[in-house]
Amino acid sequence: MSRGVIQPSQQKLAEKLTILNDRGIGMLTRVYNIKKACGDPKAKPSYLVDKNLESAVKFIVRKFPAVETRNNNQQLAQLQKEKSEILKNLALYYFTFVDVMEFKDHVCELLNTIDACQVFFDITVNFDLTKNYLDLVVTYTTLMTILSRIEERKAIIGLYNYAHEMTHGASDREYPRLGQMIVDYENPLKKMMEEFVPHGKSLSDALISLHMVYPRRNLSADQWRNAQLLSLISAPSTMLNPAQSDTMPCEYLSLDTMEKWIVFGFILCHAVLNSDAAALTLWKLALQSSTCLCLFRDEVFHIHKAAEDLFVNIRGYNKRINDIRECKEQALSHAGSMHRERRKFLRSALKELATVLADQPGLLGPKALFVFMALSFARDEIIWLLRHADNIQKKRHSSWNVHFSTLHIVKQVEDGEVFDFRGMRLDWFRLQAYTSVSKASLGIADHKELGKMMNTIIFHTKMVDSLVEMLVETSDLSIFCFYSRAFEKMFQQCLELPSQSRHSICFPLLCTHFMSCTHELCPEERHHIGDRSLSLCNMFLDEMAKQARNLITDICTEQCTLSDQLLPKHCAKTISQAVNKKSKKATGKKGEPEREKPGVESMRKNRLLVTNLDKLHTALSELCFSINYVPNLAVWEHTFTPREYLTSHLEIRFTKSIVGMTMYNQATQEIAKPSELLTSVRAYMTVLQSIENYVTIDITRVFNNVLLQQTQHLDSHGEPTITSLYTNWYLETLLRQVSNGHIAYFPAMKAFVNLPTENELTFNAEEYSDISEMRSLSELLGPYGMKFLSESLMWHISSQVAELKKLVVENMEVLTQMRTSFDKPDHMAALFKKLTSVDSVLKRMTIIGVILSFRSLAQEALRDVLSCHIPFLVSSVEDFKDHIPRETDMKVAMNVYELSSAAGLPCEIDPALVVALSSQKSELIDFQLQMMSSCSLTNDVCLLPPTGHCNNIHCLAKAINQIAAALFTIHKGSIEDRLKEFLALASSSLLKIGQETDKMTTRNRESVYLLLDMIVQESPFLTMDLLESCFPYVLLRNAYHAVYKQSISANA
């Protein structure tokens, strides 16, 4: 045979089509990115916006493609300076255009070869060959169309070529052909209509073969419904039969792809529209379905206007132009409603399909075709709606949520041997090419049954080894990457509608598709698209978590309100009404509405009654279904965990809510009672625990993180906690009012109580300091928080002790003499009169006693709380403390006391007080302080009833004992010996008072006696025997009797 004769079997049509289609997508990606870069002022090449080069650029564009450098030195002078940078920075753009030209040459060569081989095309027989051929035609058309939309293409190519000529002395070798191509394809479709005249026969044959496929796919929703499309349960007897047809690959072929084939194909070979009725039917049907087509990503092609502009200059095409106008009217008036009805049908059909397959996964095998058909149909409708969003006047659609979740139904069943049938599929593609050319030994046109059978076999091989590729082919929605605003708007609409919120996870899932739209020929866009997918996925998950958090917060607010109704303070009115009813008294004004009792909200007259709480729970369950749908999302080598977003938001909101529920007002110094706050927190926690019923999250971790932070002074964000708020309130408000004489501590009641004063306090001290409130405070703050409270109290005591030491220094000389003269009553009396600021000592010691009394209440409450929560551990600590030997080293003993104190157990020596006072170490002054305290007893000015006194002088006993124990521990002295010395000194002074006859001196003698008795009772180091050895008990008995009589008469 001669070399000029084409050998069809040696043309490798299958390989060339495969390679050119892939390269065409890569070229489209690069050209698209150039167009977007040139359209963005920030990304546009700087030479196109440089004012110094403006005249040169205009000159180059005006003369394009001619090159004139000799007579225009003035206009092109600036280029001379920038030529090397221009060559460097515009090379990528220029050689992309060169690659487009080379791609065009290869496509034209292959199309000519196909015509010469007289290839037979039929989508129902040689599916792969026909599909790849039509894809190549559309890719080529799309590429040239987008190229013509780059307004700066002449400026870029011309600038690069001028810089090349100035540098190398000659134009780039590709420039003449490239420049001519740019000029020829100013109107790409018009040029290509001329170019495709020789290819009309092959193209029209391929397009007309769609007449059995496209009309069957482009049906109305009513026709789908009547045919019970996608229904597995419409024919129960055939449910287990495999779903198949003679044209299996065509069943899930994208409708959008077919419409592009038909529109662009018949524009290029328009003559067939006048001669073939089937071609005209396909053309009209496609024009009636859409007003625009997707060229590439977010680039669209307005069908009717473009087709009319092309046909208007062709003689004898008035009828075709009228057809286009009629189809346009049809599309504008009916296409929107037709596609809306399709989406309605698909929503119900997909829901049914997903439900059946989830219940019976074994049906996935025989009914796999239905799954891919459903995915393809849904994807086509979503893309149609996205593409027409700005071109059709539509109502608000909730149809964005066409069960994306079905994308994730298909899973490979077997985990055994890995199958790979790609070679077999490529061989079948090659066989199609060999048998479709003219004069083939086996013509597939004469053996169509073979083609149909092989197409079915190929589909089943894809079910074995190519499921992921099939999912991408039928359900890839990466186009949303280029419609960010519409994508975000859809998400917001989905999130706002409770009935649709369960599908909101589809939006972050779609972000996993975005990287599939990248191409290896344009690697530079991977980072841009990857970053966009990450930011959108993060934003969607964050918004979902926020919405769930807000719903949970609303439910918590409702539950806190219901819990508040059960507080004891609300039962007073109910009790009052019951008492009045029993005594038959008037219950108040007539017509006064009766207060609803707690629990009435749970009484329903019928099932149709829906409360706000019901709506919140429904909305939350729907949204939590979405958050719990997948454990992880993989987006561009990053892993997102939706549940962690919710956990994080719950932690932040729980923290803010706890602090907010304290209702602390710094201006008025108002704060919620601990018991009420504890009730609200428990109600809040109960709701949060119920979230585990909706989402698989560890809510205990949330509690641990938040509540442990609340036991510290500041949380992890540096914000004040309930520990700091309550510590500040008790120190600066309650205890300060005690110091001011407005509140007194009553040991018998174990609470602080308001005193009647001219200016009434804004709070009732008893409601914040009784046993139940202190236990609630301990529950809230925990051991860490109570330790911080104790340390703050000790700091205040330390400051009072520092002031006391200053007073001791002033009286040092007198106190030293008194220490050696306590057995000389007359001399002691004279020395006592020399002491100064005795009242101040008494006042400061009383303040210390008040603070220590409050701390003892807090410690007792902490012990009670811990005994309920960890009884075995507390009993072990208590046993350890009680059985520590007396001869134990003090450092070891202090460690035990510190452990015991942290558990709320009382200790002989307060470790916190020891730590606070150790910084003021001065042995002589500390001992003299004890002497001055004993002397101040003789200056007491109170009446001390058994229950306590309004000036809190009864707190002095606790102050003296604990201060003495702490100070003498610091100085490593014998606490018992020093306290015995103190008792001797004090009893000597008091016995001296008993001998006085002056009424002013003896007016509170009995009260002072009782105070001495309280000191001994409070002290773990002094005993009553020791007291009686130096102070007669008869005096104490008479003192109790006298004080009791006086308190009775005072009350009377």
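## Contacts in a predicted model

E803 is partly exposed, with a relative accessible area of 29%. The terms for exposure follow fixed limits: buried is under 20% relative accessible area, exposed is over 50%, and partly exposed lies in between, computed with a 1.4 Å probe on protein chains only. The structure is a predicted model, in which local features need pLDDT of at least 70 and side-chain atom pairs count only at pLDDT 80 or more, while totals for chains, interfaces and linings use all residues. Residues are numbered from 1 along each chain as its sequence is written, and side-chain values use heavy atoms, with hydrogens and water left out.

**Salt bridges.** A salt bridge here is a side-chain nitrogen of Lys or Arg within 4 Å of a carboxyl oxygen of Asp or Glu. E803 takes part in one with K806, at 3.3 Å from N to O. Both residues belong to helix α30 (residues 771-810), and because they are three residues apart, about one helical turn separates them. Helices are DSSP runs of H or I with at least four residues and strands are runs of E with at least two, numbered from the N terminus. An α-helix has 3.6 residues a turn, so residues three or four places apart point the same way.

What do K35, K36, R149, D298 and E299 form? Salt bridges with shared partners join these residues into one network. Over the whole structure, the search finds 46 salt bridges.

One of these is the contact between R217 and D380, with 3.0 Å from N to O. R217 lies in helix α9 (residues 214-217) and D380 in helix α16 (residues 368-387), so this pair links distant parts of the chain, 163 residues apart. Both R217 and D380 are buried. D614 and R604 form another salt bridge, at 2.9 Å from N to O. D614 is in helix α24 (residues 612-627) and R604 is in the loop between α23 (571-582) and α24, ten residues apart. Neither end is classed as buried: D614 is partly exposed at 23% relative accessible area, and R604 is partly exposed at 38%.

**Helix α16.** How many of the 20 residues of α16 are buried? The number is 19, so this helix is largely enclosed by the rest of the structure. The length of α16 can be checked against an expected span, defined as 1.5 Å times one less than the number of residues. For its 20 residues the expected span is 28 Å, and the end C-alpha atoms are 29 Å apart, which agrees.

**Aromatic contacts.** Rings of Phe, Tyr and Trp (its six-membered ring) pair if their centres lie within 6.5 Å; planes under 30 degrees apart are stacked, over 60 edge-to-face, and the rest tilted. The count comes to 33 aromatic pairs. Among them is the tilted pair of F480 and F487, with 4.9 Å between centres and 35 degrees between planes. F480 is buried at 1% relative accessibility, and F487 is buried at 0%. F507 and F540 make an edge-to-face pair, at 5.9 Å centre to centre and 65 degrees between planes. Because F507 lies in helix α21 (residues 506-511) and F540 in helix α22 (residues 525-564), this pair ties together parts 33 residues apart in sequence. F507 and F540 are both buried. One aromatic cluster is made up of Y726, W729, Y730, Y745, F752, F763, Y768 and F854.

A charge is said to sit over a ring if NZ of Lys or CZ of Arg is within 6 Å of the ring centre and within 35 degrees of the ring normal. K367 places its charged end over the ring of F370, 5.6 Å from the centre. R502 lies over the face of F625, at 4.0 Å from the ring centre.

**A hairpin.** Strands β1 (residues 292-296) and β2 (residues 299-302) run antiparallel and are joined by four bridges; two strands pair if DSSP finds at least two bridges between them. L293 stands opposite F301 in β2. Two residues separate β1 and β2 in this hairpin, and R297 in the turn has a positive phi of about 60 degrees.

**Cysteines.** A disulfide is a pair of cysteine sulfur atoms within 2.5 Å. The whole structure has zero disulfides. For the two cysteines tabulated, the closest cysteine sulfur is too far for a bond.

| Cysteine | Closest cysteine sulfur | Relative accessible area |
|---|---|---|
| C571 | C560, 20 Å | 35%, partly exposed |
| C868 | C907, 20 Å | 66%, exposed |
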